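Me: Please take me through one part of this model slowly and carefully, and then show me how the rest of the chain is built around that picture. I would like the reasoning spelled out wherever there is some.

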Amino acid sequence: MLLSRMIFIQVTGEAEGQALAAKAAAKYEREQIINASRGKIVDRNGEIIAEDTLSYRLVAVLSPKATADPKNPKHVNDIEKTAEVLAAHLPLSKEKIIERLSKEGPYQVEFGKAGRDISHEIMTKISQQKLPGIVFVRDLKRFYPNGTFASHLIGFALKEENEDGTFDTVGKMGLEHIYNKQLTGTDGKIEYESDLWGYLLPNSEEMITPAENGYNIHLTLDKTIQNFLEDAMSRVQEQYTPEKIVAMVADPKTGKILAMSQRPSFDPETREGLTTNWLNETIENTIEPGSTMKTFTVAAAMEENKWDPNAWYQSGQYTLYDRTIRDHNRKGWGSITYLEGFQRSSNVAMAYVLERLGDKAFLSYLDAFGFGEKTGIDLPNEASGKIISQYPTDRLVSTFGQGSTVTPMQLIQAETAIANDGVMMKPYVIEKIVNPATNKVMHDSKPSEAGKPISAQTAKQMRELLASTVTSENGTAKRFQLSDYTVAGKTGTAEIPDDRGRYQYGYENYLYSFLGMAPADDPQLVVYVAVSKPKLKDTEVGSIPVSEIFKSVTENGLKYMNIKPKEIISTPPVQISSYMGQNAKDVQAKLANQKINTIIIGDGGEIKNQYPKGETEVLQGSVVILKTDGPIVIPDFTSWSKRNLMVYESLTGISFEILGNGFVVNQSVSPGTVITEDGPVVIKLETPEQSNVHIEMPEESEEEKLPQD
């Protein structure tokens, strides 16, 4: 009977109706998860904005079965002491911990959110107490190293527990949510056969399925320019406590968004400051633009040859379509030219311009500039705004930015046409999406035109007109002058509707804004800043907090980009060739004649590498770096930009530890030192403001204190 039973089991593989092979596999086969890293979010220079970092999860073993030797306990045997130590390091009370450790039945317990995402520092402090039964499991945590940094764009991701007790990191807001699928990797696993105690059996094979990390997202944002913007907005927020601030910086040549932020904002690491408003105000909310819209009204008239800056009109008030339009200076300035009227931000001037241009032509140009339509930026939930045009008075008030609504992103897009010789560029924030395992580019964005609403000649004339609002004694934008660069732009003061659709009244109940560019005749940056309801002193005007943000980010941003205004204005670019294989000293002499500064790395012999690469145009006064063989002598980095430091680091292989933003003010290794060790060179940077750069500004006229209609 025994022999027959053995033969039956061998042939069928079953006993008592159960598959023995399956039971053996369940008993002896083990599986270990290999966690995949969530993809990184980086700026256009590859600097980290969001990434996974090592963290720990706390587990408490409660079952006495875990202890084989009473002298070496492997479970929690002193609940009071264990709870006291853990309460000192975790955001959980001693009483709650005791309650958790006193549970009967479970082999082990965890501590929810308080026991996850524990730093290495906290883990080390707890481990040093050598608490029996306290175990740390390696884990990954989403890390945002920059604090409040384009937070409504980047968003945040959190750990979510699945039904099987495992955890996944899930994007909850912003890019983390929008591109959650691309950022999320696929966990791998190790399968192997083990004995009852989990040890690998002899001659058994490990079956490894590697983890596939999530894709990396490269943004058009520039971390340094974004930091300039965040710092300036935080200062204004603290000093003027406005209801809202929205600001953006863009490259008008490409449409790349280099910085964007808003206030109130929050820290994505802790979510501190996150209120009920989860909207990205730059694209998801609409505003009445105020007088910034006059830029596009006049551009339309200029393109149609209906703009005569030297013609005269009577300012103060004018009745058109049974609607009386008044200037913000109700008495007016008498009979003035249209040029002066634009500089003073006269609403009456726009009424006369509409009369000459015609309603139909005006609306067609608003459409050509992209108003009333989504820009198509690579972000969801974009609002389209609305150009009101049903009645003649609707079209009239739209000329100076009242009634009709737009998004800040639409204003940026439209302004690129003025800055970019008539060619309007579509804005975008995603540079590319890359598979980190293969470096294969899964998505690649390229600059694209959004239309050509005006000619290059009109764009040039508009830049000159906008620059006059800054330089003219009559200009409303005098406060926006920069110390080293020319500025072209238009101020705006818009009334804010309440919940009932009525306009709010009061000295502070306005949206103050500025839409501008610099340098004026060849803009490298387009900037929009809007400050809503700032708390102003009796002697202050709404343009003050707006100008403080604009001046700081624009001046510092252009200097960081090595933009030299005199060279942009008056000197042609120099064509850089490929100098590979040539003698560095000879090339240095040649470039010196073209007023190009040269830095030679090495002994100055044959050129092995260079920056910029060949067939590149640079401006006089720019720096060309030539790499040769031989020892590396540290130069004087004073006043170098962060970008040039990164190029030097890449060419030499020297490790830099860069502290701060702006320009170099100090370095740990003296100039002339030959590098012989692998240790990092510590370099400190400061912004011009940190270096006490002071900008003298002209006094503001009293009439600017009056809001514009």
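Reply: Directly after helix H21, in this predicted model, comes Gly653, whose phi is positive at about 80°. The helix that ends there covers residues 642–652, and its buried residues are Lys642, Asn644, Leu645, Val647, Tyr648, Leu651 and Thr652.

To see what H21 lies against, it helps to turn to a sheet. Three strands make up this open sheet, arranged in the order E27-E30-E28, and their pairing is mixed. Strand E27 (597–601) and strand E28 (607–611) are at the edges with a single partner strand each, and therefore one side of each has no neighbour in the sheet. Leaving direction aside, neighbouring strands here are turned by 20° against each other on average. In general, the strands of a sheet are paired through backbone hydrogen bonds, in either a parallel or an antiparallel way. Strand E30 (residues 623–628) and E28 run antiparallel and are joined by four bridges, and within E30 it is Leu626 that stands opposite Gln610.

Two helices pack on this sheet. Helix H20 (residues 584–593) touches E27, E28 and E30, and its direction makes about 170° with that of E27. H21, the helix that precedes Gly653, also touches E27, E28 and E30 as it packs on the sheet, and its direction makes about 10° with that of E30.

Elsewhere in the chain, strand E20 (residues 430–435) shows how burial can be read. Five of its six residues are buried, which means that the strand is largely enclosed by the rest of the structure. E20 pairs with strand E12 (residues 216–219) in the antiparallel sense over four bridges, and His218 has Lys432 in E20 as its bridge partner. E20 is also joined by four bridges to strand E21 (residues 440–444), again running antiparallel, with Val441 of E21 as the bridge partner of Val434. E20 and E21 form a hairpin with four residues between them, and in the turn Asn439 has a positive phi of about 60°.

A single residue can be followed in a similar way. Ser468 belongs to helix H17 (residues 456–471), and because its relative accessibility is 12%, it counts as buried, the cut-off being under 20%. Apart from residues up to four places away in sequence, Ser468 touches Leu339 and Gln343.

Stepping back to the whole chain, the secondary structure comes to 21 helices and 33 strands. The chain has 709 residues, and 50% of them count as buried. Among contacts with a separation of 6 or more, 69% are between residues 24 or more positions apart. The accessible surface comes to about 33,500 Å², and carbon and sulfur atoms account for 48% of it.

Finally, a word on confidence. The average pLDDT of the chain is 86, and 88% of the residues score at least 70. Over residues 19–28, however, the pLDDT is below 50, and this stretch has 15 contacts in the model beyond near neighbours in sequence. Residues 691–709 also stay under 50, and for them the model has 48 contacts beyond four places in sequence. Predicted coordinates should not be read in detail where pLDDT is low.

Conventions. Residues are numbered from 1 along each chain as its sequence is written. This is a predicted model: local features need pLDDT of at least 70, side-chain atom pairs count only at pLDDT 80 or more; totals for chains, interfaces and linings use all residues. Side-chain values use heavy atoms; hydrogens and water are left out. pLDDT is the predictor's confidence in each residue, from 0 to 100. Contact means heavy atoms within 4.5 Å. Buried means under 20% relative accessible area, exposed over 50%, partly exposed in between (1.4 Å probe, protein chains only). Two strands pair if DSSP finds at least two bridges between them. Accessible areas come from the Shrake-Rupley method with a 1.4 Å probe; for residues, only the protein chains shown count as cover. Axes are lines fitted to C-alpha atoms, for helices over the stretch in contact, and angles run from 0 to 180 degrees between N-to-C directions.
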